[in-house]
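Look carefully at the chain shown below, and work through each exercise with the structure open beside you before you read the solution.

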Amino acid sequence: MSQSLPIPAQRWLSLLLCAITAAAITVFLSNVSFVRQAYASWGSILYANSVLHYSFAFLSGIGIKLMLDKFYISHAKRSIGFNWRYPPVTMSVLFGLFFIVGYVYVTNNEIVEQLTAHAFISFKFLSLSFLAVAATIIYQTKLYTKNPIFSVVLCSVSAFYLFSAINLVEIEHAFCVFFCIAIAYLGMSVYLLWEQLKASSAESRVESKQEVELKLESLEDFRKWFKDDSTIKNTEQLEPDLRVYANRIADRLLKRGDQGGDELKGAQHIALCGPFGCGKSSIVDCIANDLAKSPKQDSVWIHSDISTWGAASGSVAHVILSNIIDDISQHIDMCAFRALPKHYTEALKSGGSFFQFASTLLAGPVDIEQSFQKLNNVLKVTNYKLLITLQDVDRGTGDENEKRLNDIAALLDRLKNRDLSNINFIIAMGNENEVAAEVISKATDYREDIHKQNVLVVLRKFIELSINYAIAEGCFVIFEGEILTADKLMRILRGGHDWYFLEQKLIEVENQIYSIRQLKKILRRVNQIWQKDRLMGEINFINLLMVITLREVNLKSFELYTKLEPYNIKALRSHHEYDLKPFILECASVGKEDDYLTRFYIEMLDITADRVLNPAKNHVLDNPDAKWQQDGSFKNQGVGFNNGYSDYLVRVLAERIPQEQVSDQNAIANVIELYELKLNDAKGILLFINRYLGFSDKEVINFERFFGVVDDKFSAIESIGKSIMKRPPLADYGVNCGVEEVLKKLLAESLTIHNLQYLFSSLLDKGSLGANNESSKRVEFLYDFLTFLGVTSGKTGVFSPSSIKGAVRFLANPSNKSAYCLFCLLLLSHRVSMSDELTNDEILEKLNKIKFGSQTLDKILIRPLDKLPTIDTTNLTEFKNVSHLNLETKQLSGRDF
């Protein structure tokens, strides 16, 4: 066929030739005897049963439709329409029928009588086949089409069959068949129209609803945002930074080039470069969506999105051509561009020499450039424009990837010289490989580079919402040794005290994140871990964010850190002087030395210099000779801290508290419980001491870590918490010398004659010295407390009797002045709680029944009390650390009992 003919003429002529060829083959086969015999035999089988005949006619319609789809003559997504400038290939079928009928009329004079005799039967079964075709189309198009023309056609056909049924009412069999066919067509058309109306109303509601810019105002908004990794289709929903690129490229494609040029360019070859996950796919989809909404009178845009990842280097051009033909075939007929499927040619090659020769003729070479030129001409005639987006062009490694890139660049370069006004390319690729980006850039007309987005604002908002969520859930969140409240957190995030230190960490996190997809992945994992049944409040939130960032962004460095950490941080912290610099530099130099990663590790591990060489240079990197050591705060909840009982790196890896570790939240809750007690609440302090003495070694160490944590709510409450926070040395004393010393001091300050009895009764309840249980701990604490008061039982300077019985006897011995004074005060404490109406004998009886552990006083003493003791200057003494008790003792007289 002459290439000089216009596309419409070429198309009509090719369809006409196809029709003539098909008609000639049909007429030829109709005169072949074995074909006639086969058809007659098959007809006799069908005529034997009418149900079989009807079923075969219906299934034939389905088979015809599926076969048309298989050979790309029709397409499930292609709307029913007709273009005079580029008619569908089904026109050749109509031409073929016309030629066959004309041939029959010319060659057979009796055809009219034969057609009249068999018209009803033929038409009946043809109607069933068309009904099956209609049902198949409805199923493929998901019950409705964008254009209601198909529904209108079905209504018209239904009306025709209904009218025919009325005319054939006298023939019962004909009336029933035609009436049922009419009802079937009418039911499908009504259902289609109903679905179309519902779809149109839904679309109108979506369009009328104003697109709201993405706002992250709550934690639920964040969860919805980072949970959805799908590409964004609407430009209005893109991040403002990305929206600029989408609008600029779409405008360039619509205006076909630079706005300032005198002559608009033709098709565009555009390179869109940016790191993996930065939003290139979303930009491409938004551009395609904007182009689809452009005025139809200008052109209708077809989008062909192609991933070349894994494509063989030598067949990239064929892969691209095959994909775009598939996509164009959804809109217009592409049979003329279809090569014979590969499995057909392979099957032919496996046959005899004739078939091998045929396969060679049928599967000849394809001229890619000429095919693109033909496609462009067809698109131009049919008022279509094609946008081809090539994605993942640089994905992969090795020589194969480099060859594939060169093939794409060469194809683009060759197509530049062609007048392809209706075929446009967008090549989306990463910018990590500078050589690959440069190769593609040279083969394109225009390049857009997606800059790294600022995520600091998003991180700050996520931190605020996550920590406030933890506070609302009743968790204690520690930051720089203080319990955070919503107000305190807001002051920090708005640039208040400690914001500088937090900002430095967030800056290093931002430096590691190169795309929104990475950010979503990190926040999704952090949110998954920051739950009450996992690690909420059990690790520093900023540290958790940094560890997850390291794992998601630089997995090799993270794996090296987890491998070397036990032999560095855990091992070196036990030394007085240690240097983490070699360890950090090794972790930060995976592949190549990375200053950003080094700074990231410094912030994540809270590294400080052992000495500052220059006061003007406070950062460890500014002091080359300084040793890199960790912040020594015991309240640190970061991955660098490990005291043998709390290993935060293990917690992050397990995403929960391991069984061998104890909860920080429980420890902080115990500290707050002590803080809430009044200074003079001896009973409450004793109850807490009893609980504390029941702690395991792990719980004691964890309690001591967080003792002294600052909670602002106690600043206005008269309590132990306010006292501790007013006297920082006391808090430090709790860490350096043991919390038990602080508890003794608090108990001593609250001790009075009235509550002295509770000291002994609570700590000696069924106690037995030497038993390896909680009771022995209580007894030992009592003895230590008596030593704290200055009561001793020997020359050693401590109170350390061998048994409870011996302890009571020692206290009741008048020769031990301080001990006997305390014993008298203890008896007086019990007397105060008795009735004033008791006689001396009744008082003595009750005092002798005072229990010390499991025994009463009269059983412990060699001689029970036979008179009430008196307290005067002869046995009066002053105890250590108990100012209230001493003051009360001085005011006593000999008649107190």
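The exercises that follow concern surface patches and backbone angles in a predicted model.

**Exercise 1.** Find which residues gather in a patch of negative charge on the surface, and decide whether E400 is buried, partly exposed or exposed.

Solution. Begin with the patch itself, in which D399, E400, E402 and D407 come together as a region of negative charge on the surface. Next, locate E400, which has its place in helix α15, a helix that covers residues 398-416. Finally, consider the relative accessibility of E400, which is 36%; because partly exposed residues lie between the limits of 20% and 50%, E400 counts as partly exposed.

**Exercise 2.** Identify the residues that make a nonpolar surface patch, and state in which helix L13 is placed.

Solution. The patch is made by L5, L13, L16, L17 and I20, and its area is about 370 Å². Within this group, L13 has its place in helix α1, which spans residues 7-30. The relative accessibility of L13 is 34%, and therefore L13 counts as partly exposed.

**Exercise 3.** Describe where N383 and D606 lie, and what is notable about phi in each.

Solution. Take N383 to start with: it is not a glycine, and yet its phi is positive, at about 65°. N383 lies in the loop between α14 (368-381) and β3 (384-391), and is partly exposed, because its relative accessibility is 29%. Turn then to D606, which is also a residue other than glycine and has a positive phi, near 55°. D606 is found in the loop that runs between α24 (595-604) and β8 (607-609), and its relative accessible area of 22% is why D606 is partly exposed.

Definitions and conventions:
Residues are numbered from 1 along each chain as its sequence is written. This is a predicted model: local features need pLDDT of at least 70, side-chain atom pairs count only at pLDDT 80 or more; totals for chains, interfaces and linings use all residues. Side-chain values use heavy atoms; hydrogens and water are left out. Patches are made of residues with over 30% relative accessible area and no salt bridge: like charges are joined within 9 Å, nonpolar side chains (Val, Leu, Ile, Met, Phe, Trp, Tyr) within 5 Å. Accessible areas come from the Shrake-Rupley method with a 1.4 Å probe; for residues, only the protein chains shown count as cover. A salt bridge is a side-chain nitrogen of Lys or Arg within 4 Å of a carboxyl oxygen of Asp or Glu. Lys and Arg count as positive and Asp and Glu as negative; His and the chain ends are not counted. The place of a charge is taken as NZ of Lys, CZ of Arg, CG of Asp or CD of Glu. Helices (H or I, at least four residues) and strands (E, at least two) are DSSP runs, numbered from the N terminus. Buried means under 20% relative accessible area, exposed over 50%, partly exposed in between (1.4 Å probe, protein chains only).
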